[in-house]
Amino acid sequence: MRYLVTGGAGFIGSSLVRHLLGVDSVGRPLAGPAAPAEPVEVVTLDKLTYAGHVENLTEVSGDPRHRFVEGDVCDGGLVRELVRGVDVVFHLAAESHVDRSIIDDRPFVRTNVLGTATLLAAVTEVGIERFVQVSTDEVYGELPWVDPDSEAGRDAPRFTEETPLSPRSPYAATKAAADHLVAAYHVTHGLDVVITRGSNTYGARQHPEKPLPVLIRRALADAPLPLYGDGLNVRDWIHVDDHCRGILAAARKGRPGRVYNLGARAERTNLSLARSVLAILGKPESLIDFVEDRPGHDRRYAVDASRARTELDWVPRSKLLEQLAACGSWYRANQAWIEAVSKPRS
Ligand code: NAD
């Protein structure tokens, strides 16, 4: 099987490349149905924006089954050349940081919308077996707030694949636009597509600007942990290995044109997450620092992933607290990586 992974030098993409080559996000061999059954060739296409780093692919850079191409998903000629002979395209390349999309949404429109359109046109022209659009639960908008630890929280409504798209940040709006394009190519051009909508993802190699790495790094440095507003916004956390297994299951078993939510039912307020990080790292709660809320901050996300469980036989395996501890250890042990990926590009 030949695969193209766009955005494969980013956080989730670099983990997906590893999964396709038979190891998880931290290099442990995969077992069971997740392990690749046939010989594979993987091409990674990445523009190496501030968020993409070849350092994220160090362990696979010498693997003869893998090839890295630096380039832009908006470059139609390059993309057409790369998809020739490919069976499955996993499309992850994106501008992905909500805070940045509030400051300037133009790179988001360009890469997330125009880039997706460019790729869709290329795969339709050349012909591939399947196009996998890696999307986000943020396209659904927000849910009414409920305490995730209360009785009401356990039974409160979650996003299903039938929830109308109602994005509220420029980032989410561009991802929703891309999802609509993907669905339209399925209907109009008969392209075989599946869309996954994963929840907030965490794990090794997430860019240091993202919320969980910020909490871990600041706690390790005994610095204040900034929390937007009252800290009670609820997010549904999924480990990057579970997310990647879900994307692969959707690629292998998903029905053409279908959307699959991927969430691990680990809903936490940001405050409770910060408290867990501090407890795991043995730091005091006095480090928590409430800061001015960001505009349009979605109050609650929670994902119903029962379709993926039934149709894809996908079951998330990771336990949030165990994996938070593993994450803490990973960031503590990988200071050199943090420095390398934080350096401004010349
Ligand atoms: P990331 O920012 O870590 O990685 C994005 C990658 O895309 C980077 O390597 C970047 O260099 C590359 N890229 C950006 N513009 C490009 C362009 N024009 N051409 C080629 N490459 C380009 O993001 P991530 O967290 O790994 O997210 C990957 C995908 O998963 C995104 O599509 C995102 O919307 C989706 N997603 C992320 C999460 C999450 O919590 N991180 C949750 C659900 C879905």
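**Close-up views of a predicted model**

**View 1. Strand β5 and the shell around the ligand.** Strand β5 supplies three residues to the shell around the ligand, the largest share. Please keep in mind that this is a predicted model. The elements that give two or more residues to that shell are α1 (11-20), β5 (130-136), α6 (170-189) and β7 (200-202). Sorted by class, the shell holds 11 nonpolar, 14 polar and four charged residues. Altogether 29 residues surround the ligand, and I12, D46, S96, Y171 and K175 come nearest.

**View 2. Polar atoms facing the ligand.** Which ligand atom should you look for beside T49? An oxygen atom of the ligand lies 3.0 Å from a polar side-chain atom of T49. At T111, a polar side-chain atom is 3.0 Å from a ligand nitrogen atom. V73 takes part through its backbone: one of its polar backbone atoms is 3.0 Å from a nitrogen atom of the ligand. How much of the ligand does the protein bury? The ligand exposes 830 Å² when taken alone, and the protein buries 96% of that area.

**View 3. Q133 in strand β5.** Stay with strand β5 for this close-up, since Q133 is found there. Is Q133 buried or exposed? Q133 counts as buried because its relative accessible area is 1%, and the cut-off for buried is under 20%. Leaving out residues up to four places away in sequence, Q133 touches H91, T116, K175, A178, D179, V182, V194, I195 and T196. With one of these, D179, Q133 also makes a side-chain polar contact of 3.1 Å. For a sense of scale, the C-alpha atoms of Q133 and V83 are separated by 15 Å, with their positions 50 residues apart along the chain.

**View 4. H19 in helix α1.** Here the focus moves to helix α1, where H19 sits. H19 has 1% relative accessibility and so counts as buried. Which residues does H19 touch, not counting those up to four places away in sequence? They are D24, S25, L30, P36, D241, C244, R245 and L248.

**View 5. F90 and the largest nonpolar core.** This core has 67 residues, and V89, F90 and F131 touch the most other members. Helix α8 (residues 240-253) gives the most to this core, with seven residues. In soluble globular proteins, nonpolar side chains tend to be buried together. Not counting residues up to four places away in sequence, F90 has contacts with Y3, L4, V5, T6, L16, L20, V132, I247, L248 and A251. Elsewhere there is a second, separate core of 27 residues, with L271, L273, Y331 and W337 among them.

**View 6. Two loop residues with positive phi.** Most residues other than glycine have a negative phi. R265 is not a glycine, yet its phi is positive, at about 55 degrees. Look for R265 in the loop between β10 (258-262) and β11 (267-269). D313, also not a glycine, has a positive phi of about 55 degrees. Where is D313? D313 lies in the loop between α10 (306-312) and α11 (320-333). With a relative accessible area of 58%, D313 is exposed, because the cut-off for exposed is over 50%.

Note on methods: Residues are numbered from 1 along each chain as its sequence is written. This is a predicted model: local features need pLDDT of at least 70, side-chain atom pairs count only at pLDDT 80 or more; totals for chains, interfaces and linings use all residues. Side-chain values use heavy atoms; hydrogens and water are left out. A nonpolar core is a set of buried Ala, Val, Leu, Ile, Met, Phe, Trp, Tyr and Cys residues joined through side-chain atoms within 4.5 Å. Buried means under 20% relative accessible area, exposed over 50%, partly exposed in between (1.4 Å probe, protein chains only). Helices (H or I, at least four residues) and strands (E, at least two) are DSSP runs, numbered from the N terminus. Contact means heavy atoms within 4.5 Å. A residue is near a molecule or strand if one of its heavy atoms lies within 4 Å of it. A polar contact is a pair of N or O atoms within 3.5 Å; within protein, one must be able to donate a hydrogen and the other to accept it, and residues adjacent in sequence count only if both atoms are side-chain atoms. Accessible areas come from the Shrake-Rupley method with a 1.4 Å probe; for residues, only the protein chains shown count as cover. Ala, Val, Leu, Ile, Met, Phe, Trp, Tyr, Cys and Pro count as nonpolar, Asp, Glu, Lys and Arg as charged, and the others, Gly among them, as polar.
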